[in-house]
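I set out to record a helix pairing and the surroundings of two loop residues. The entries follow in the order in which I looked things up.

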Amino acid sequence: MLDVSNVRFSYRRGREVLKGVSFSIDRGEILCLLGSNGTGKTTLLRCLLGFERPDGGRILIDGEDVTRMRLERRARYLAYVPQSTSIAFPYTAREVVLMGRVAHLSAGASHTARDRQVVDEAMERLQIAHLAECRYQEMSGGERQMVLVARALAQDARLLVMDEPTANLDYHNQVKILTALKYLAGQGLGILMTSHYPDHAFLACTKAALMKSGALIDVGSPDDIVTSESLTNLYDTPVHVGGTFVGGLVVKTCIPLLDETAYTRAHAGVRAGSKESQELKTSLGRA
Amino acid sequence: MGSLNKGDNADLALMCPAVVLSLALLFALRNKIDVLAAGEDEARSMGVNVNVVKGVVIVASTLMTACAVSVAGIIGWIGMVVPHIARTITGASFSKLLGSSFLAGGIFLLLIDDIVRSSFSDLPLGVLTALIGTPMFVFLLIHTRKEWV
């Protein structure tokens, strides 16, 4: 569905922020873009959304060039979910979600019964129908984020582009958002999200992409490419990827380590096939 | 500082087309103006051509203001205070706010004019609107500052 090939971009001449980025997302896929601050994740999203025009490369969605689409048309393909931003003036949640329908309105027309129905459905699907009449400004970060997802849903786009959807949220709300994303992907939407939590790649994503200094080092299934080595290289910080088994299922998790010694030891253990990791393997087999 | 004494039917006929046209333009854009509240990038991602909407809003509101000022003179503080009061009554959605501000502004001006006519008839309207509007504006600023961020 989304096909990004060799995208290059620089804000200033001679300082390239994106150095030839290529990846693709299909219907039902959730791609998690990982990388440290300032590697160009947000810039990449801005290029996809048409806020910036790439200097080279192509961004196709269902075979059509995104950079040449009219704004209204692009809004029907790509929906943007920003980090829970503030909205000027006391709009209610329903009004905020209704904003997502603006690309479907004919010039000067009012919202139709169909628009209102889509809005109600979007809020019901995300289980926030009870918040409809609350003021957006008075909501918590988690509720705001859900409203913004509902707005993107009401936009009826095929791909959701999310900039750190779980930033600043507690565990409860992180899980809520991730569950919602999985559910939406299950219904055929494609999702591209950035995150600073590699754990989320394991929990919810079907694909991960590692970005370092403006280029993708690796794209693939989280189990294959999110490893101790790759994360340590990605963040220039020792990170250990381990597994815990929860009710017969192995859940992988990432632990940043404060000193190199711990990292070397943890690593030697895994590589040598320590007792712990063998236990994990056998339990996996049994499950 | 403004007065309604000098306006006549000829002035009204002259300003009517411009005001009606501007109102119609703003009304046609009401849903897109709502989206601007989310910020320009987000508005763009929802399919709104931000520069066009901004341009039309600026031209339309300038035209209306110019019409009013050229007939009645400078009567300040109505445009500054009334829309915020209207918002507390009808909510933020621009499709309702446009009409309610229009009516509330008119009602406020007539009230002021009545007060002036029945007390000290030589007082310019702008003096009274400033006397009432300034404290109101400060009050609104303090109480709704959080909401405007």
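Entry 1. I worked from a predicted model. I first listed the contact between two helices of chain B: B:Leu23, B:Leu26 and B:Phe27 in helix 1 meet B:Phe94, B:Ser95, B:Leu98 and B:Phe102 in helix 6. Sorted by class, this contact of helix 1 with helix 6 of chain B comprises six nonpolar residues, one polar residue and no charged ones.

Entry 2. I then looked up the geometry of the pair. Helix 1 of chain B spans residues 9-28 and helix 6 of chain B spans residues 94-118; they pack at an angle of about 155 degrees, and their axes are 9 Å apart. Angles over 145 degrees count as roughly antiparallel, so helix 1 of chain B is roughly antiparallel to helix 6 of chain B.

Entry 3. I turned to B:Ser93, which I located in the loop between helix 5 (78-90) and helix 6 of chain B. Is B:Ser93 buried or exposed? I noted a relative accessible area of 8% for B:Ser93, so this residue is buried. Neighbours within four places in sequence aside, I found B:Ser93 in contact with A:Tyr91, A:Glu95 and B:Asp34.

Entry 4. In chain A, I examined A:Met69, which lies in the loop between strand 5 (64-65) and helix 2 (71-77). A:Met69 has a relative accessible area of 8% and is therefore buried. Excluding residues up to four places away in sequence, I listed A:Ile61, A:Glu64, A:Arg74 and A:Tyr77 as residues that A:Met69 touches. I also noted the C-alpha to C-alpha separation of A:Met69 and A:Gly50: 8.9 Å in space, at 19 residues apart in sequence.

Technical notes. Residues numbered from 1 in each chain as written. Chains lettered and ligands numbered in written order. Predicted model: local features only at pLDDT ≥ 70, side-chain atom pairs only at ≥ 80, totals over all residues. Heavy atoms only, no water. Axes fitted to C-alpha atoms, helices over the stretch in contact; angles between N-to-C directions. Helix = DSSP H or I, 4+ residues; strand = E, 2+ residues; numbered from the N terminus. Parallel < 35°, antiparallel > 145°, perpendicular 65-115°, else oblique. Contact = heavy atoms within 4.5 Å. Nonpolar A, V, L, I, M, F, W, Y, C, P; charged D, E, K, R; others polar. Buried < 20%, exposed > 50% of the residue type's maximum accessible area, 1.4 Å probe, protein only.
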